[in-house]
Amino acid sequence: VNGFLPRFIKYCDANGIHSFCELTKAHFMDFSRWLNEDNLANSYRGHILHTVEEIIKVGQIKGWNVPQTNIAVLTDNYIRKKDDDEKTKPIPEYVFNRILHHAIHDEQDILVKAGIIIQSQTGLRISEVLSIRKGCIHTTSDGHVYMSVTLCKTERGEPVLHKVFINELVSDTIRELETHTEALRVKSGLQELFLSDYRGGSCISARSWTKSRLSRFIEKWNIRDSKGNLYTLASHQFRATFVRELIKKKVPISHIMKHLSHVSIEMTAHYLTLREEEVKELYSEIILCQDSKIAGIRASEIKNRLNEAFLGKTEAEVEQVIS
């Protein structure tokens with residue numbers, strides 16, 4: 001913020017603007033053109049515009065003296081497109097179903113099979129999956145099964161042991177993997193479950209996983225995209241797909257953050273690539289239906305705001321509000 005707001009303040013001073021409430025769409029467009037004159041990079045201009053836009057949006061929610069309509073219409077041209085392109089894309093559902101089907105029913109390479117199943121059902125990074133060791137499955141006092149896994153990307157900056165609840169498919173796969181690699185573990189003295197017989201037993205590298213394992217799996221089972229090309233699969237897409245499915249099932253963001261051991265909501269939001277229609281559908285189901293339950297300190301205030309927003313609106317007007 002310290003790097004972005006001074007330019008906006010300078011623009012306001014030069015144009016006699018003394019309050020956010022005085023801003024109009026024309027001002028915002030003129031501010032964008034004003035930034036162009038400084039020959040700034042597109043992404044940097046986008047971050048400046050985005051900062052101002054976020055202040056207005058937060059102000060609308062909190063009741064600040066800001067414009068009550070969306071005046072920031074140009075941010076997408078600079079920052080959103082770039083950010084969306086850099087996001088890890090979830091696997092299309094029809095491709096994901098084929099991948100999982102062949103992994104469960106057809107794949108004979110237990111390492112590839114186990115990696116795909118565990119990633120798809122837990123959303124863990126491939127480096128975290130490859131770190132699991134013998135005896136990683138445990139059961140809570142009330143009968144819930146979980147696995148312990150080493151996480152490297154943490155707030156402390158050092159590896160920590162993390163508990164991840166797992167389903168029966170994952171637990172069965174891990175036990176199969178334990179049996180398959182038992183001889184290699186004895187021979188090598190290693191306790192990791194993802195071992196190859198290279199040099200008498202060695203740990204699988206996360207760096208080569210996609211290139212040497214996943215790409216061959218895709219080619220072997222002829223899994224293609226909508227254009228008929230072999231699907232280009234990266235292991236991290238399982239994580240994005242896992243988050244997408246949890247969001248669609250209305251699992252709270254806080255639960256997803258805890259499961260993935262994210263230290264900020266921005267880390268989780270990186271994977272939120274739901275299509276607009278999916279977002280609208282979820283919003284309608286959760287917020288607008290008669291049986292919806294809104295909890296929290298400001299529940300009654302939110303309910304009243306919603307009643308005001310949708311009272312007497314036509315179907316087309318409601319659609320516009322949701323958008």
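**A tour from helix H8 into the core**

Start with helix H8 of this predicted model: its buried residues are Val170, Ser171, Thr173, Ile174, Leu177 and Glu178. Colour them, then look down the axis of H8. The buried residues fall within an arc of 160°, so they line one face of the helix. A general rule helps here. An α-helix has 3.6 residues a turn, so residues three or four places apart point the same way.

Now turn to the other side of H8. Select Glu168, Thr179 and His180, which are exposed there.

Next, check the length of H8. The helix runs over residues 168-180, which makes 13 residues. At 1.5 Å a residue, the expected span is 18 Å. The C-alpha atoms at its ends are 18 Å apart, so the two agree.

Go to the start of H8 and show Asn167. One of its side-chain oxygens comes within 3.2 Å of the backbone nitrogen of Leu169.

What covers the buried residues of H8? Select helix H6 (110-122), strand S1 (137-139), strand S2 (145-151) and helix H9 (182-188), which are included in that cover.

Now select the core. The largest nonpolar core has 39 residues. Ile174 of H8 is among those with the most contacts inside it, and so are Ile99, Ile118, Ile132, Met147 and Phe194. H6 gives the most to this core: seven residues.

Stop at Ile99. Beyond its neighbours within four places in sequence, Ile99 is in contact with Ile91, Ile116, Phe217, Ile218, Ile223, Leu233 and Phe238.

Last stop: another core lies apart from the largest one. This core has 13 residues, including Phe8, Tyr11, Cys12 and Leu35.

Key
Residues are numbered from 1 along each chain as its sequence is written. This is a predicted model: local features need pLDDT of at least 70, side-chain atom pairs count only at pLDDT 80 or more; totals for chains, interfaces and linings use all residues. Side-chain values use heavy atoms; hydrogens and water are left out. Helices (H or I, at least four residues) and strands (E, at least two) are DSSP runs, numbered from the N terminus. The expected span of a helix is 1.5 Å times one less than its number of residues. Buried means under 20% relative accessible area, exposed over 50%, partly exposed in between (1.4 Å probe, protein chains only). The arc is that of the directions from the helix axis to the C-beta atoms. Contact means heavy atoms within 4.5 Å. A polar contact is a pair of N or O atoms within 3.5 Å; within protein, one must be able to donate a hydrogen and the other to accept it, and residues adjacent in sequence count only if both atoms are side-chain atoms. A nonpolar core is a set of buried Ala, Val, Leu, Ile, Met, Phe, Trp, Tyr and Cys residues joined through side-chain atoms within 4.5 Å.
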